[in-house]
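Trainee: I've just opened this one. Can you walk me through part of it?
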Amino acid sequence: MKSLEELTRKNIWNLAPYSSARNEYSGHVAHVFLDANENPYNQPFNRYPDPLQTELKKKVAQIKGIRPECIFLGNGSDEAIDLPYRCFTRPGIDNVVAIEPTYGMYKVCADINDVEYRPVMLDEHFQMSADKMLAACDQNTKLIWICSPNNPTGNSINREEMLKVIDQFEGLVIVDEAYSDFSSEKPMRLELNRYPNLIVLNTLSKAWGCAAIRLGMAFAQPDIISIFNKVKYPYNVNLLTQQQAMEALKDPFEVDKWVKMLLQERARMIQNFKLLPITERIYPTDANFVLVKVNNAQKIYDYLVGKGIIVRNRSRIKLCDNCLRITIGNKSENNEILAALRQY
């Protein structure tokens, strides 16, 4: 890969980050805090939170098998998606390459940051060609986006193709593993020591059932994480989120139980969808949802809305014509949609 200094925007590389009161104080026992212009009343919410989420990162490190210094925590994965644009891409000059179809926020953030977005179509099996991805790159390509398991398709991207891209691309490769807890594939975050240009995203929103608290994660080499920390807002993860995340991470065995139940329900839903007259194709999935090609997606979507059941119509997305994306719910929720579709 190119050196990190070459990849980083010059103004960001030279940036002197804002130094908050809580950044400057560390390492000493203290009980009187008169440094941050805080109100002394209404504890504990009167105090600014730890700007680097030190204790939470230690817990995440234990769960994910990643060193704390290789972890960035953000306000949802959205912050971790936006930061690479702000840190590494020059507006109006640089570009990024991404698989297509995939999660829409990669393109939204590119558009917000005035960065050219180059989609490369997956094949009919929703798989990526490393050669096509690399061919779409030029000297101004800074980032490559790969979501695996992919959204909205649900499948894991071929590991050898991903590694080929990471090996041969001179910029940074970002693999979004939001749904990896539902997959039997080895997580790419465990490859970080081999690839200095790899960034892996994760979240507490899916398997951990914490979408409401908005905690996203990025795993990368410490030099990349330090650049993210220079650019992020000083207190980007609030105290309530940090507290609730610590509480959630206390019981990974409960999450394992949820995942097993969801995988059982996923298998049951797939079997039942095969029997429905509306179903034309069910795509393989390693996520907590299934993409189903039906005979009339909009009509079926509207019918389900009338029943108070909300799924996602993905028909406007390339390669997903007449496809509904259906999240795996609990047994009662899944039974309700199956019953409704049997009556359709």
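Mentor: Sure, we'll take a sheet and then some helices. Keep in mind that this is a predicted model.

Trainee: Sheet first. What order do the 4 strands come in?
Mentor: The order is 8-9-11-10, in an open sheet. The pairing is antiparallel.

Trainee: Which are the edge strands?
Mentor: Strand 8 (279-282) and strand 10 (312-313). Each of them pairs on one side only.

Trainee: How many bridges join strand 8 and strand 9?
Mentor: They pair over 3 bridges, in the antiparallel sense. Strand 9 covers residues 289-294. To find your place, look for Arg-281, which sits opposite Lys-293 of strand 9.

Trainee: What does helix 11 lie across?
Mentor: Helix 11, residues 252-274, lies across strand 8, strand 9 and strand 11 (323-327). Its direction makes about 145 degrees with strand 8.

Trainee: And helix 12, which strands does it lie across?
Mentor: Strand 9, strand 10 and strand 11. Helix 12 runs at about 35 degrees to strand 11.

Trainee: New topic. At what angle do helix 12 and helix 13 cross?
Mentor: Roughly 120 degrees, and their axes come within 11 Å. Helix 12 is residues 297-306, and helix 13 is residues 331-342. The two helices are therefore oblique to each other. The crossing is right-handed.

Trainee: Which residues make the contact?
Mentor: From helix 12, Ile-300, Tyr-303 and Leu-304. From helix 13, Ile-337, Ala-340 and Leu-341.

Trainee: How many of those are nonpolar, polar or charged?
Mentor: The contact has 6 nonpolar residues, with no polar and no charged ones.

Key:
Residues are numbered from 1 along each chain as its sequence is written. This is a predicted model: local features need pLDDT of at least 70, side-chain atom pairs count only at pLDDT 80 or more; totals for chains, interfaces and linings use all residues. Side-chain values use heavy atoms; hydrogens and water are left out. Axes are lines fitted to C-alpha atoms, for helices over the stretch in contact, and angles run from 0 to 180 degrees between N-to-C directions. Angles under 35 degrees count as roughly parallel, over 145 as roughly antiparallel, 65 to 115 as roughly perpendicular and the rest as oblique. A crossing is left-handed if the near helix is turned anticlockwise from the far one by less than a right angle, and right-handed if clockwise. Contact means heavy atoms within 4.5 Å. Ala, Val, Leu, Ile, Met, Phe, Trp, Tyr, Cys and Pro count as nonpolar, Asp, Glu, Lys and Arg as charged, and the others, Gly among them, as polar. Two strands pair if DSSP finds at least two bridges between them.
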